[in-house]
Amino acid sequence: MASNKIARRGLMLVLSSPSGAGKTTISRMLLERDPNLSMSISTTTRPIRPGEEDGRDYFFVDPTEFNLMVNRQEFLEHAKVFGNYYGTPRAAVESALSSGSDVIFDIDWQGAQQLGQAAREDLVSVFILPPSTEELDRRLHSRAQDTDDVVAARMAKAPDEMSHWAEYDFIVVNEDIEKSVAQVQAILAAERLRRQRQIGLTEFVKRLQEGY
Ligand code: 5GP
């Protein structure tokens, strides 16, 4: 009997939030639970933090190299965030999508906008909000890697970043991490079933109609 697995194009799941709202934890848990998801590893000019690894957390490059990559059109999108440059390498994403794998992106609103312009039909965007300002402050302070200055700068940027919530397809208020992960998994499950992503449907239905 012929396989009835229907070919599907992968989707780009973008998670954005102000720093400290929990998107890194949510991404990590989604990746652990879902073998069909991989993380897009961005390139950045920001200095490496203790505990980070080149090639795992980011590809760390200097501004000259970053510029060369921009000129060679190696990024799907790129933006300046907190004074440093960040970009999404194009090749890895394109090969994942065409082989039916989904890719998760931890990028800011500028990146989400650019991906929407480049490939709206592949994009599913989720904005994560903190349950309160106090909780955002508490989460930022509990991150050991950052100095007080960095925490203050990120806190100051939060209202601005949050102002972009209405540009996203879905909004998750991260009060409880397990609940938020389940909500994003529900979004993923529904989006994977969209007709236009199931590119093997025409052939599948044809076989059904022909009785084999
Ligand atoms: P961090 O330096 O704390 O890892 O990230 C700072 C901000 O940059 C976060 O809001 C993160 O989502 C965003 N960011 C990380 N990689 C990219 C990227 O490739 N493109 C864009 N536009 N933003 C990114």
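## Exercises on a ligand shell

By class, the residues in the shell around the ligand are 5 nonpolar, 4 polar and 7 charged. The model is predicted.

**Exercise 1.** State which residues come nearest to the ligand, and which strands each supply at least two residues of the shell.

*Solution.* Step one: the ligand has 16 residues around it. Step two: of these, Ser 42, Arg 46, Tyr 58, Tyr 86 and Asp 106 come nearest. Step three: strand E5 (75-81) and strand E6 (84-89) each give the shell at least two residues.

**Exercise 2.** Find which ligand atom, oxygen or nitrogen, pairs with the side chains of Arg 46, Arg 49 and Asp 108.

*Solution.* Start with Arg 46: an N or O atom of its side chain is 2.5 Å from an oxygen atom of the ligand. Next, Arg 49 has a polar side-chain atom 2.9 Å from a ligand oxygen atom. Last, for Asp 108, an N or O atom in the side chain is 2.8 Å from a nitrogen atom of the ligand.

The protein buries 94% of the 510 Å² that the ligand exposes when taken alone. As for its site, the ligand sits in the largest pocket.

**Exercise 3.** Explain why the chain counts as being as compact as a globular protein of its length.

*Solution.* First, the chain has 8 helices and 9 strands. Then compare radii: the radius of gyration is 19 Å, and the globule rule gives 17 Å for 212 residues. These values are close, so the chain is as compact as a globular protein of that length. Along the principal axes, its C-alpha atoms fill a box of roughly 65 × 40 × 30 Å.

Note on methods. Residues are numbered from 1 along each chain as its sequence is written. This is a predicted model: local features need pLDDT of at least 70, side-chain atom pairs count only at pLDDT 80 or more; totals for chains, interfaces and linings use all residues. Side-chain values use heavy atoms; hydrogens and water are left out. A residue is near a molecule or strand if one of its heavy atoms lies within 4 Å of it. A polar contact is a pair of N or O atoms within 3.5 Å; within protein, one must be able to donate a hydrogen and the other to accept it, and residues adjacent in sequence count only if both atoms are side-chain atoms. Accessible areas come from the Shrake-Rupley method with a 1.4 Å probe; for residues, only the protein chains shown count as cover. On a 1 Å grid over the protein atoms alone, a cavity is a set of points where a 1.4 Å probe fits but cannot get out, and a pocket is an open set with protein on both sides within 12 Å along at least five of seven lines; lining residues have an atom within 4 Å of a point. A molecule sits in a cavity or pocket if more than half of its atoms lie within 2 Å of its grid points. Helices (H or I, at least four residues) and strands (E, at least two) are DSSP runs, numbered from the N terminus. Ala, Val, Leu, Ile, Met, Phe, Trp, Tyr, Cys and Pro count as nonpolar, Asp, Glu, Lys and Arg as charged, and the others, Gly among them, as polar. The radius of gyration is taken over C-alpha atoms; the globule rule is 2.2 Å times the number of residues to the power 0.38.
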